[in-house]
Amino acid sequence: MPPMWVAVPDGPPEAAELTDPYESQLGGLPKVPQWAQFDKARAKCGVCGYPMYLLLQAFCPSEDLERIFLVFVCNTAACQKEPSKSWQAWRLQRQAPDDAEGQEGEDANSAEGADKGERNPSLCVTGHACPP
């Protein structure tokens with residue numbers, strides 16, 4: 001069977017790409033935008049209680065939302081026997097900014113943003129109810 005490419009390498013990442021939360025990545029440490037207020041300590045294994053490892057961070061925008069998916073997994077063999085407790089998938093999202101301020105523009109939690117009727121960012125764990 002021929003190898004399957006997940007991505008096409010185009011050289012080492014530039015310094016800005018290493019800290020940009022809107023760059024997708026496999027492994028490493030999560031790069032979360034300030035508006036998400038996500039604490040990576042929340043990604044703990046439901047079996048052993050230790051912090052999980054980031055498997056995937058994917059920037060998946062839609063027409064009206066900025067979305068980042070984070071997939072965490074525990075690397076302990078014993079924990080893998082209970083995948084519903086040793087894997088977590090998080091969705092970080094907010095309304096996409098209407099202007100060209102950039103992706104780190106206005107904070108959706110600011111008073112000004114609330115006056116415009118913008119939704120606050122959501123944190124959702126797979127298997128749990130998420131706000132609309």
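1. A residue counts as buried when its relative accessible area is under 20%. By that cut-off, 28% of the 132 residues in this predicted model are buried. The accessible surface of the protein comes to about 8,900 Å², and carbon and sulfur atoms hold 57% of that surface.

2. Confidence should be settled before anything else. The average pLDDT of the protein is 77, and 69% of the residues score at least 70. Over residues 103-132, pLDDT stays under 50. The model still has 55 contacts beyond four places in sequence for residues 103-132. Where pLDDT is low, the predicted coordinates should not be read in detail. I would therefore not read those 55 contacts in detail.

3. On secondary structure, the protein has three helices and five strands. Their order along the sequence is α-β-β-β-α-β-α-β. Among contacts with a separation of 6 or more, 54% are between residues 24 or more positions apart.

4. The strand pairing can be followed from β1 to β4. Strand β1 (residues 25-26) runs antiparallel to β2 and is joined to it by two bridges; L26 stands opposite L56 in β2. Strands β2 and β3 are also antiparallel, with six bridges between them, and they form a hairpin with five residues between the two strands. Within this pair, A58 stands opposite F69 in β3, while L56 has V71 as its bridge partner in β3. Strands β3 and β4 run antiparallel too, joined by nine bridges, and V71 stands opposite A89 in β4. Residue L56 thus links two of the pairings, being opposite L26 and bridged to V71. V71 in turn is paired with L56 and with A89.

5. Strand β3 deserves its own entry. Seven of its nine residues are buried, and the strand is mostly covered. As for the side chains, in a regular strand they alternate between the two faces of the sheet.

6. The largest nonpolar core has 16 residues. Those with the most contacts inside this core are F38, I68, L70, F72, W90 and L92. Strands β2 (53-59), β3 (65-73) and β4 (87-95) each supply at least two residues of the core, and the largest share, three residues, comes from β3. In soluble globular proteins, nonpolar side chains tend to be buried together.

7. One core residue, F72, can be looked at in detail. Not counting residues up to four places away in sequence, F72 touches P30, F38, A43, M52, Y53, L54, L55, S86, W87, Q88 and W90. Two of these, F38 and W90, are also listed with F72 among the residues with the most contacts inside the core.

8. Is S86 buried or exposed? S86 has 0% relative accessibility, so it counts as buried under the 20% cut-off. S86 lies in helix α2 (residues 83-86). Leaving aside neighbours within four places in sequence, S86 is in contact with C45, M52, F72, V73, C74, C79 and Q80. The C-alpha atoms of S86 and G49 are 9.3 Å apart, with their positions 37 residues apart along the chain counted as separation.

9. Q93 is a polar residue to check in strand β4. Its relative accessible area is 6%, which means that Q93 is buried. The side chains of Q93 and R91 are joined by a polar contact of 3.1 Å.

10. Backbone geometry needs a comment at Q37. Phi of Q37 is near 50°, a positive value in a residue other than glycine. Most residues other than glycine have a negative phi, and most peptide bonds are trans. Where does Q37 lie? Q37 is in the loop between β1 and β2. With a relative accessible area of 55%, Q37 is over the 50% cut-off and therefore exposed.

Terms used:
Residues are numbered from 1 along each chain as its sequence is written. This is a predicted model: local features need pLDDT of at least 70, side-chain atom pairs count only at pLDDT 80 or more; totals for chains, interfaces and linings use all residues. Side-chain values use heavy atoms; hydrogens and water are left out. Helices (H or I, at least four residues) and strands (E, at least two) are DSSP runs, numbered from the N terminus. Buried means under 20% relative accessible area, exposed over 50%, partly exposed in between (1.4 Å probe, protein chains only). Contact means heavy atoms within 4.5 Å. Accessible areas come from the Shrake-Rupley method with a 1.4 Å probe; for residues, only the protein chains shown count as cover. pLDDT is the predictor's confidence in each residue, from 0 to 100. A nonpolar core is a set of buried Ala, Val, Leu, Ile, Met, Phe, Trp, Tyr and Cys residues joined through side-chain atoms within 4.5 Å. A polar contact is a pair of N or O atoms within 3.5 Å; within protein, one must be able to donate a hydrogen and the other to accept it, and residues adjacent in sequence count only if both atoms are side-chain atoms. Two strands pair if DSSP finds at least two bridges between them.
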